[in-house]
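Here are my comments on the model you sent, set out as numbered points. Please read them with the structure open beside you.

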Amino acid sequence: MGGSQRQGRLLQDNRFSLFELNTDRHLESLASEVRAGLTATPKRIPCRFFYDEAGSQIFEEICELPEYYLTRAESAILRDRAQDVAQRFSLPISLVELGSGSSTKTRILIEALLREYDSLSYIPIDISPSALEASAPQLLDDYKHLEIRAIAGEYQDGLRWIRSETQRPKLILWLGSSIGNLDRPGAESFVSNLRTGMNLEDRLLLGIDLRKDREALESAYDDSSGVTARFNRNLLMRINRELGGHFDPEAFDFQATYDEVAGNVVSQLRSRRDQTVRIANLDLDVAFEAGEMIHTENSFKYSRAEIDALARCTGFAVEEHWLDAKNRFSVNLFAPIRPNGPPRLQTEGS
Ligand code: AVJ
């Protein structure tokens, strides 16, 4: 096992490395963001704190829920289109994934790429080191020509790292409609930032959930078996575990509401009664009134026009816009365009 370098811890053997960026600051940022969020009006807890070990496992359960169509819809598109994507490169590539989680969907692309090229370098970036360490051994077992260079850290850290690291053409994956956690200006600036780390032969594959009827969205985000409610209450339990909080998760109800105008599913925890919760490590007592909300997540949905606008104003052309059979979810292949030139779209045999 290699020593620590550059504010990170490196775990390495010949086909696997896990580089933990600034993980020592994770607890610090949890503490400062929880203090800022629970002393703000309205109260909020950032959704990236969903993904501790327990939260990552609950999210895997969500992906199996009948109401949560996103994962199945996206996987169906990837199964149909993965080979097409893999054939768009002329050289072995680096497959970079933002928010890789369990890498279940990624296997579809890994298999397609290993059918085209005899080696593949996979760079998963995820806030949860445990998710990265959990998924790697099986991938390495199943794919002998795969090397994994995992990065545990925030997206921004990962982007900086990618820019400095790879010589190969890059296919960057941002699946699952994780872009939806950013508001529209936030998504624009993040995708622009991605663009600055890309060359013209690189591609960005973006999974984006589409605007649709309220009923379908509210049941996807507030399922009848209460798994998503548990996912949200786990945030309170995480504060109890890591910051000495005294939350009673059952003293909060969960709700997901679709704001049709904004195209955003807003997730919140609502206090069932007047209560004061002590968070010992922050020496903080947080007062809640009955009915008071804690904002936990935004999940923005897109129309085709909004996807085109996102590409246009971030330096990309939409090379492909693929939909599932029920037109509920989209997978988009974004091609970088020259700053002030026509897009260099991939045409047959180019
Ligand atoms: C992982 C952010 C894409 O917003 O759909 C699932 C997380 N939240 N159910 C989403 C989530 C509630 C999911 N993302």
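1. The axes of α2 and α9 come within 10 Å and cross at roughly 180 degrees, and the two helices are therefore roughly antiparallel to each other, an angle of over 145 degrees being what that term requires. On the α2 side the contact is made by Ala54, Gly55, Ile58, Phe59, Glu61 and Ile62, while α9 contributes Val227, Thr228, Arg230, Phe231, Asn234 and Arg241. By character, the residues of this contact divide into six nonpolar, three polar and three charged. Please keep in mind, here and below, that this is a predicted model.

2. Within that contact, Ile58 deserves a separate look. Ile58 belongs to helix α2, which spans residues 53-63, and with a relative accessible area of 8% it counts as buried, since the cut-off for that term is under 20%. Leaving aside residues up to four places away in sequence, Ile58 touches Val227, Arg230, Phe231 and Asn234. Leu333, by contrast, is 275 residues from Ile58 along the chain, and the C-alpha atoms of the two are separated by 29 Å.

3. How does α1 meet α9? Helix α1 (residues 26-38) and helix α9 (residues 227-243) have axes that come within 11 Å and cross at roughly 125 degrees, which makes α1 oblique to α9. The crossing in which α1 passes α9 is left-handed. From α1, the residues Leu27, Leu30, Ala31, Val34 and Leu38 take part, and they meet Arg238, Ile239, Glu242 and Leu243 of α9. The residues of the contact of α1 with α9 divide into seven nonpolar, no polar and two charged.

4. Which residues of α10 are buried, and how are they arranged around the helix? In α10, which covers residues 304-312, Ile307, Leu310 and Ala311 are buried; seen down the helix axis, the buried residues fall within an arc of 100 degrees, so they line one face of α10. As general background, an α-helix has 3.6 residues a turn, so residues three or four places apart point the same way. On the other side of α10, Ala305 and Arg312 are exposed. The cover over the buried residues of α10 includes the helix α7 (184-196) and the strands β8 (203-209), β14 (316-323) and β15 (329-336).

5. Some backbone features should be checked by eye, given that most residues other than glycine have a negative phi, and most peptide bonds are trans. Thr41 and Pro42 are joined by a cis peptide bond, with omega at about -10 degrees, and Pro42 lies in the loop that runs between α1 and β3 (43-44).

6. Where is Asp283, and is it buried or exposed? Asp283 sits in the loop between β11 (275-279) and β12 (284-288), and it is exposed, with a relative accessible area of 58%. Although Asp283 is not a glycine, its phi is positive, at about 45 degrees.

7. Asn327 likewise has a positive phi in a residue other than glycine, with a value near 50 degrees. Asn327 is found in the loop between β14 and β15, and with a relative accessible area of 49% it is partly exposed. The strands on either side of this loop, β14 and β15, are among the elements that cover the buried residues of α10, so the present point may be read together with point 4.

How values were computed. Residues numbered from 1 in each chain as written. Predicted model: local features only at pLDDT ≥ 70, side-chain atom pairs only at ≥ 80, totals over all residues. Heavy atoms only, no water. Buried < 20%, exposed > 50% of the residue type's maximum accessible area, 1.4 Å probe, protein only. Helix = DSSP H or I, 4+ residues; strand = E, 2+ residues; numbered from the N terminus. Arc of directions from axis to C-beta. Contact = heavy atoms within 4.5 Å. Axes fitted to C-alpha atoms, helices over the stretch in contact; angles between N-to-C directions. Parallel < 35°, antiparallel > 145°, perpendicular 65-115°, else oblique. Left-handed = near helix turned anticlockwise from the far one by under 90°. Nonpolar A, V, L, I, M, F, W, Y, C, P; charged D, E, K, R; others polar.
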